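User: Please take a close look at one part of this model and set out how its residues are placed, covered and connected. A single connected account, with the cut-offs for each term, would be most useful.

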Amino acid sequence: MKQSLFSVKENRPLTKDVYLMRLEGDTSDITAPGQFVNIKLDGLYLRRPISVNDVEGNILTIIYKVVGKGTEQMCEMKEGAVLDILTGLGNGYDTSLSGDSVLLVGGGVGVPPLYMLAKKLLAENKKVGVILGFNTESEVFFEEEFKALGCDVAVTTVDGSRGVKGFVTNALGLFSDAAYFYTCGPEPMLKALYNATDISGQFSFEERMGCGFGACMGCSCKTLYGNKRICKDGPVLKKEEIIWEK
């Protein structure tokens, strides 16, 4: 974990409530796709955990949804604003465990960390399929960015206004050759995907956090190996170790 100052280089909306922010600073502690950063904001006690969308040199890209005071403050920031950020948090995805044909499944703001993951998997000469799940067409983002990388992309919307109608599980049949999967999104989606698949994979959990680096135990969850802290031992857990709370 490293504490650094980052300057805002770009901050723009992707949809009505989802924004992309590019920041310049020390990214050396971000070593794996699926890690997250923790951002300090004026007047707020707790930092805001945001997943890493991409890193290129000293440029960090994050994508966030405006859902409260912290993210409302972020969406108003202009180029040149400075943020105090903790980097190198979380374990990230392990690409060494996947086969040659891989499926990435993202729901809503669970989509962003899969972009850096896709880049890494493609660099390892793996075939990458992507399912992006949203409620409606106006919420869709990053479809073209994944396609530009060379991924085979399917979009699902609950109301059928774009792509496959229904949930991400409704598009699994389009990628029947996948031998392994990676996913990030809301817990109901993760649980549905867990029950709908018979192949192995890795799940990145979205969780409310206190400290963000394992000290407060506020984001612990049950696994086959005892309680794990989502911020420190996760946010990525292997399918086989997950115990779902009823």
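Analyst: Phe-142 is buried, with a relative accessible area of 8%, where buried means under 20% relative accessible area, exposed over 50% and partly exposed in between (1.4 Å probe, protein chains only). This is a predicted model, in which local features need pLDDT of at least 70 and side-chain atom pairs count only at pLDDT 80 or more, while totals for chains, interfaces and linings use all residues. Residues are numbered from 1 along each chain as its sequence is written, and side-chain values use heavy atoms, with hydrogens and water left out.

Phe-142 sits in the loop between strand 8 and helix 3; helices (H or I, at least four residues) and strands (E, at least two) are DSSP runs, numbered from the N terminus. Its phi is near 70 degrees, a positive value in a residue other than glycine. A positive phi, of about 65 degrees, is also found at Asn-125, just after helix 2. Asn-125 belongs to the loop between helix 2 and strand 8, and with a relative accessible area of 71% it is exposed.

Helix 2 itself merits attention. Its buried residues are Pro-113, Leu-114, Tyr-115, Met-116, Leu-117, Ala-118 and Leu-121. Their cover includes strand 4 (48-56), strand 7 (101-107), strand 8, helix 3 (143-149) and strand 11 (180-185). Leu-114, in helix 2 (residues 113-123), has a relative accessible area of 0% and is therefore buried. Not counting residues up to four places away in sequence, Leu-114 touches Tyr-93, Leu-104, Val-105, Gly-106, Phe-146 and Tyr-182, a contact being heavy atoms within 4.5 Å. One of these partners, Tyr-182, is 68 residues from Leu-114 in sequence, with the two C-alpha atoms 8.0 Å apart in space.

On the other side of the Phe-142 loop in sequence lies strand 9 (residues 152-157), which holds Thr-157. Thr-157 counts as buried at 0% relative accessibility. Beyond its neighbours within four places in sequence, Thr-157 is in contact with Phe-134, Asn-135, Thr-136, Glu-137, Val-140, Arg-162, Val-164, Lys-165 and Gly-166.

Phe-134 and Asn-135 also appear at the second largest pocket, which has a volume of about 520 Å³. Of its 25 lining residues, the closest to the centre are Gly-107, Gly-108, Gly-133, Phe-134 and Asn-135. On a 1 Å grid over the protein atoms alone, a pocket is an open set of points where a 1.4 Å probe fits, with protein on both sides within 12 Å along at least five of seven lines, and lining residues have an atom within 4 Å of a point. Grid points are joined across faces, edges and corners, and the volume is the space filled by probe spheres set on the points. Strand 8 (127-134) and helix 4 (187-196) are the elements that give two or more residues to this lining, and helix 4 supplies the largest share, 3 residues.

As for the setting, the chain has 4 helices and 15 strands. Of its 246 residues, 51% count as buried. Among contacts with a separation of 6 or more, 61% join residues 24 or more positions apart.
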